[in-house]
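Reader: Could you take me through the surroundings of the ligand in this one, and then follow the neighbouring parts outward? I'd like one connected account rather than a list.

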Amino acid sequence: MQTPTSENRHTKKETALIEAESLSSCYSFCIARAYFDPPSNWYHRETVMSVDKSEKRIQQMFGEISPRYDFLNHFLSGGTDYYWRWRTVRAVKLRDDAPILDVCTGTGDLAFAFWKRGNVPVIGTDFTHEMLELANQKLPEPEGSRLAPTFLEADTQNLPFDDDRFQIVSVAFGLRNVTDTKKGLQEMVRVCQPGGHVLVLEFSMPTNPVIRGSYKFYFRHILPRIGQLLARNRQSAYNYLPDSVSEFPQGTELAEIMQSCGMEEVTWKPLTFGIATLYCGRKGSVVGQSDTAVRDVITSTG
Ligand SMILES: C[S@@+](CC[C@H](N)C(=O)[O-])C[C@H]1O[C@@H](n2cnc3c(N)ncnc32)[C@H](O)[C@@H]1O
């Protein structure tokens with residue numbers, strides 16, 4: 001049974017929300033929601049929630065938000081996502097003798113950025129069919145003999161490629177969603193050529209306390225509401241976003257995981273006050289290769 005006080009508060013809350021919505025102002029709507037979601041709940045949600053990252057849930061969630069994914073990506077990041085991708089495709093020098101693979105490619109933006117950057121074949125993989133359909137819709141008109149990027153449906157934890165095939169294997173904002181992070185990274189390393197690079201672009205939390213505080217508020221209370229309002233997704237994809245970011249390793253911790261998966265010389269660069277971080281690892285000559293490949297290297301070097 002509700003007390004008269006809570007009934008009044010409920011009415012006030014609904015009124016504020018309806019008014020804000022009817023003004024079609026996403027921001028005021030979200031701020032109103034954030035205001036009425038008392039801070040006492042925040043701690044509870046941050047500490048108690050453990051994110052469901054089962055393959056089925058992830059596929060369903062991205063399938064549902066796919067029609068608005070690109071728009072929301074650019075809108076919610078204020079266009080900064082273009083800059084992050086720009087930095088990623090310039091992180092290592094491209095050679096023209098081996099293809100590039102972008103896993104968890106979604107609607108393919110990083111794959112297209114690599115394709116524009118160099119004259120090399122680019123493959124994008126993802127396990128959500130709806131996201132890949134949108135990637136395929138962005139394919140450019142054929143240009144002379146140059147092949148357009150190719151998109152394939154595949155689980156990052158079980159990639160359908162031979163060992164040592166790609167000069168770069170990248171992932172943008174996808175590794176955090178892979179059910180088994182290590183398995184995903186190990187597969188990325190397996191298909192990367194010895195001496196090639198694995199690039200991971202992922203959200204992170206800023207280290208400056210002032211920026212971190214404001215960003216946390218935006219990320220946890222404004223962004224999920226705008227996202228959900230516009231994407232209208234049952235799986236709460238934009239609540240999932242801050243939850244999955246706060247649970248995901250960053251900085252030294254992720255670099256150590258990358259190293260344990262066979263990468264050497266792992267470096268990382270915080271971007272835009274540390275809202276995103278770009279990690280770069282190099283695959284060593286022997287670690288992470290299949291037994292046959294290791295045997296070949298050992299015999300050929302005597
Ligand atoms: C946040 S989106 C990122 C898309 C794109 N890379 C970008 O930067 O916009 C995450 C993508 O990872 C994909 N994904 C998550 N787990 C995956 C897995 N195990 N195998 C393949 N794709 C996966 C989802 O389907 C989704 O398209």
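Author: Let's settle one term before anything else: a residue is taken as near the ligand if its C-beta atom, placed from the backbone, lies within 6 Å of it. Bear in mind, too, that this is a predicted model.

With that in hand, the ligand has 20 residues around it, and the ones that come nearest are Cys104, Gly106, Thr128, Ala172 and Gly174. Sorted by class, the shell is made up of nine nonpolar, eight polar and three charged residues. As for who supplies them, α4 (55-76) and α6 (109-117) each give at least two residues to the shell. The largest share is three residues, and that comes from α4. So those two helices are good threads to pull on.

Take α4 to begin with. Its packing partner here is helix α7 (residues 129-137): the two axes sit 7 Å apart, at an angle of about 25°. Anything under 35 degrees counts as roughly parallel, and α4 is therefore roughly parallel to α7. On the α4 side the contact uses Phe62, Gly63, Ser66 and Tyr69, which meet Glu130, Met131 and Leu134 of α7. By class, that contact comes to four nonpolar residues, two polar and one charged.

Now for α6, the other helix that feeds the ligand shell with at least two residues. Helix α5 (residues 80-89) packs with α6: their axes come within 10 Å and cross at roughly 50°. The pair is therefore oblique, and the crossing of α5 past α6 is right-handed. Arg85, Thr88 and Val89 do the touching from α5, while α6 brings Asp109, Leu110, Ala113, Phe114 and Arg117. Here the class count reads four nonpolar, one polar and three charged.

That leaves the strands. There's an open sheet of seven, with mixed pairing, and you can read the order across it as β3-β2-β1-β4-β5-β7-β6. At the edges are β3 (150-153) and β6 (263-271), each of which pairs on one side only. Ignoring direction, neighbouring strands in this sheet are turned by 20° against each other on average.

The β6 edge is worth a closer look. β6 pairs with strand β7 (residues 276-283) in the antiparallel sense, over seven bridges. If you want to find the register on screen, Thr267 stands opposite Cys280 in β7, and Lys269 stands opposite Leu278 in β7. The two strands form a hairpin with four residues between them, and in it Thr272 takes a positive phi near 50°.

To pull it back to where you started: the ligand shell draws its largest share from α4, α4 in turn packs with α7, and α6, also a contributor to the shell, is crossed by α5.

Notes. Residues numbered from 1 in each chain as written. Predicted model: local features only at pLDDT ≥ 70, side-chain atom pairs only at ≥ 80, totals over all residues. Nonpolar A, V, L, I, M, F, W, Y, C, P; charged D, E, K, R; others polar. Axes fitted to C-alpha atoms, helices over the stretch in contact; angles between N-to-C directions. Parallel < 35°, antiparallel > 145°, perpendicular 65-115°, else oblique. Left-handed = near helix turned anticlockwise from the far one by under 90°. Contact = placed C-beta atoms within 7 Å. Pairing = 2+ DSSP bridges.
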